[in-house]
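Dear colleague,

I am passing on a structure that you have not worked with before, and I would be grateful if you could look through it alongside the notes below.

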Amino acid sequence: MLDEGQRDVAQPVAVAGPAPGWAVTGRALRFVLGALSLVGGLTWILLNLHVATAALDAAIGTVLAAGGLVLLMPHRIRLPRLVTAVVMTGSALGGTAAGLIVEKSRRCCEFAYVSERGWPFQWIHRGGFADDPETAFRLARSAGWSIDVVSLAVDLLVWSYAGLLLVVIAVVIGRRRTGSSRA
């Protein structure tokens, strides 16, 4: 007769086969994006500590670096995939859309008027150039908006990482609550 410990050893163990190609590709992309985000975020902080918007740039760099760490260490914290995807997508779209409320306009360079929208990065612009400031302003107001795709992509990335970090915080708080209620 086998005792309890021997029964566990005698049970067959299912061995997982190799991961499908899409899973390996996904892990590789997550690693590359995480590494680039971590290094890029830390570099962003270091390069922008002396500018007028140092606090905003430090916050952006921190979000990028922390998001990169989360992507690099999936073994440290398991996140619900569907909830994480929905929150990241909603945060990216909502934050980027809400950032359009922020508008910066300026007169520049011997009668140029430029208007930009977006936060934290201005990704939509329009402007006008003329021989006098009133005409430049009128031309800018009647001009169509143009989109800076790179700034838009970075804006979406920063806002999606903000959503990712909210999910991480919620998961950590949830684990602590369930862990403390068991004790």
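The notes below take up a core, a pocket and one residue in turn.

This is a predicted model, in which local features need pLDDT of at least 70 and side-chain atom pairs count only at pLDDT 80 or more, while totals for chains, interfaces and linings use all residues. Residues are numbered from 1 along each chain as its sequence is written, and side-chain values use heavy atoms, with hydrogens and water left out.

The largest nonpolar core (buried Ala, Val, Leu, Ile, Met, Phe, Trp, Tyr and Cys residues joined through side-chain atoms within 4.5 Å; buried is under 20% relative accessible area, with a 1.4 Å probe and protein chains only) has 15 residues, and Val-63 and Tyr-161 are among those with the most contacts inside it. Helix 6 (149-182) and helix 3 each give two or more residues to this core, and helix 6 gives the most, with seven. Helices here are DSSP runs of H or I, at least four residues long and numbered from the N terminus.

Turning to Thr-96, this residue sits in helix 4 (residues 81-98) and counts as buried because its relative accessibility is 4%. Its side chain reaches the backbone oxygen of Ala-92 at 2.7 Å.

As for the lining of the largest pocket (an open set of 1 Å grid points over the protein atoms alone, where a 1.4 Å probe fits, with protein on both sides within 12 Å along at least five of seven lines; lining residues have an atom within 4 Å of a point), helix 2 gives the most to it, with five residues.

With best wishes

How values were computed: Buried < 20%, exposed > 50% of the residue type's maximum accessible area, 1.4 Å probe, protein only. Polar contact = N/O pair within 3.5 Å; in protein donor to acceptor, adjacent residues only side chain to side chain.
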